[in-house]
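Here's a quick briefing to read alongside the model. Have the viewer open as you go.

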Amino acid sequence: MNVVIHILTHTIQPKSIAFLKALHDDHILDFYFQSMNQTPTNNNLTNLSEHGLGARDYFHFQGFMSLPTAQSNFKEIRILFKSDRIQSHSLPILNNSIPQTNALLVLMSTKKSNDMKKDNSTIRMCCQPKQTPRKFEKNVSAERQGFILSTDKKWVNGTHLTYCFLGGPESQRKVVRKAFQIWKNTGIGLTFQELSTTDEALVRISFKQNAGSWSYVGRDILQIPLNEATMNFGWPLDTDSYGMTTALHEIGHTLGFQHEHQNPFSGIVWDRNAVIAAFKKAPNHWSIPQIEHNILNAIPQDQVKGSAWDWKSIMHYAFDKGLILKPAEFHRNGLNPPGVLSQLDIQGVKSFCPESRLEEKQMRAEQSRAIPAKSGKQFDFVFEAPATAKYTFATSGTFDTVMVVSEKNGPSLEYLSGDDDSGTDHNATITLPLVKGRTYIANIRVMYAPKGSKGSICVKRV
Ligand SMILES: [Zn+2]
């Protein structure tokens, strides 16, 4: 049975309401709400105004939940907020009415909004490690560099991202697993799998307290030695809903997202001294280079696709009033992203890793297949090994490409190897032992194809 519930709720601590649980008897269901871009109806506004709240004081959330047994077994859904700032509510199920009605709840606090506003300066923020900027040879044109940099950190669609935990309590691991699932549920073509050992895990997650929370960005992870973490959580994830916000944010980095408040198209003008003063002190205790790296320095324009600024993004920090000079509304009120995936986060991840992809083209040994000259596009090829032997997958032509070879393992893919020839005169080449009768996929992302150029792929027995 599927239930859809709409909730209108006070916005003051939207992070507090992103992570909910629905309880019935001995069933405990994790229950996740996504903020909606819809404006509530007049009826709802009437309800709110009775409590002295205006239209700007609340958000609209929509939640989806599947109940595990027949609906007649349920008498109520209890929605528990992991925050004492917002009352918990029960939703009666009478005559099976909930599934049909998209029940509406108006959840109120008895306090006025300003009294409830939590000071963002008490929140610890993600602090990203510094990565050396990519350097190109002199003969790589500015246009070519731009195309390469815009997709440089993104995973090839279809990549099977394995992850493992380096320690950490089970209650916190659970939040991270759930966050991976939430990203997956947006409908992306990447897949995630937890491994129990670190040997083969691409993403390695530690819980070193007081080492800050951070994650390397996208394919930068491949540069990190296998015995080191690629993501860390430096504060407990299981004490309030900010834990889920943190997990979604760090996984966002792992998927290839950078900080949205550093979007060069944001138009944000910082009060530099105020920002430095706010982040130098407790609880963050950052140095000026860390503050510049994580907040004040805009990301180079050529690393950003599109020009939209999304302050609701999960990749955007919350800022107290006074830190942002412009836009003026955020100077006056501060900026408080909802702490959940925004519509543009979902659109963004699906634009480079959509769930449904172009049809895979069959390849035979020694037979070359053309790769279309389309910068930024991905093409997928299937190869069934005719014999157990070593084979080489090789691209040719003047394209810049990233190639990933995986083995088909039921519905999912197992990552075997990858090669990136971007910005060089080489062509992506991977040699691997393959097993007779098994199916292999070569995913090729064309990062840059100069005008009039041609490229192809061929697989040959070594
Ligand atoms: Zn971050």
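**Strand pairing around E17**

Strand E15 (residues 361-363) runs parallel to E17, and three bridges join the two. Strands here (E, at least two residues) and helices (H or I, at least four) are DSSP runs numbered from the N terminus, and two strands count as paired if DSSP finds at least two bridges between them. Bear in mind that this is a predicted model: local features need pLDDT of at least 70, side-chain atom pairs count only at pLDDT 80 or more, and totals for chains, interfaces and linings use all residues. Residues are numbered from 1 along each chain as its sequence is written.

- On the E15 side, glutamine 362 sits opposite valine 382 of E17.
- E17 also pairs with strand E22 (residues 439-448), this time antiparallel, over seven bridges.
- Valine 382 has isoleucine 441 as its bridge partner in E22.
- E17 itself (residues 378-384) is mostly covered, with five of its seven residues buried. Buried means 20 or more other C-beta atoms within 10 Å of the residue's own, exposed means 12 or fewer, and partly exposed is in between, with C-beta atoms placed from the backbone.

**The protein overall**

- The secondary structure adds up to 10 helices and 23 strands.
- Out of 462 residues, 37% count as buried.
- Among contacts with a separation of 6 or more, 77% come from residues 24 or more positions apart. A contact here means two C-beta atoms, placed from the backbone, within 7 Å.

**Nonpolar cores**

- The largest nonpolar core has 66 residues, and Ala179, Ala247, Leu248, Met403 and Ala442 touch the most other members. Such a core is a set of buried Ala, Val, Leu, Ile, Met, Phe, Trp, Tyr and Cys residues joined through C-beta atoms within 7 Å.
- This core takes at least three residues from each of domain 2 (121-352) and domain 3 (361-461), with domain bounds coming from an automatic or database assignment.
- Apart from that one there's another core of 12 residues, including Met125, Cys127, Ile268 and Leu323.
- Leaving out residues up to four places away in sequence, leucine 248 touches Ala179, Ile182, Ile314 and Leu341.

**Lysine 460**

- Where is lysine 460? It's in strand E23 (residues 455-461).
- Lysine 460 has 14 other C-beta atoms within 10 Å, so it counts as partly exposed.
- Its C-alpha atom is 5.0 Å from that of glutamate 366, although the two residues are 94 apart along the chain.
- Lysine 460 touches Ala365, Glu366, Tyr391 and Thr392, again skipping residues up to four places away in sequence.
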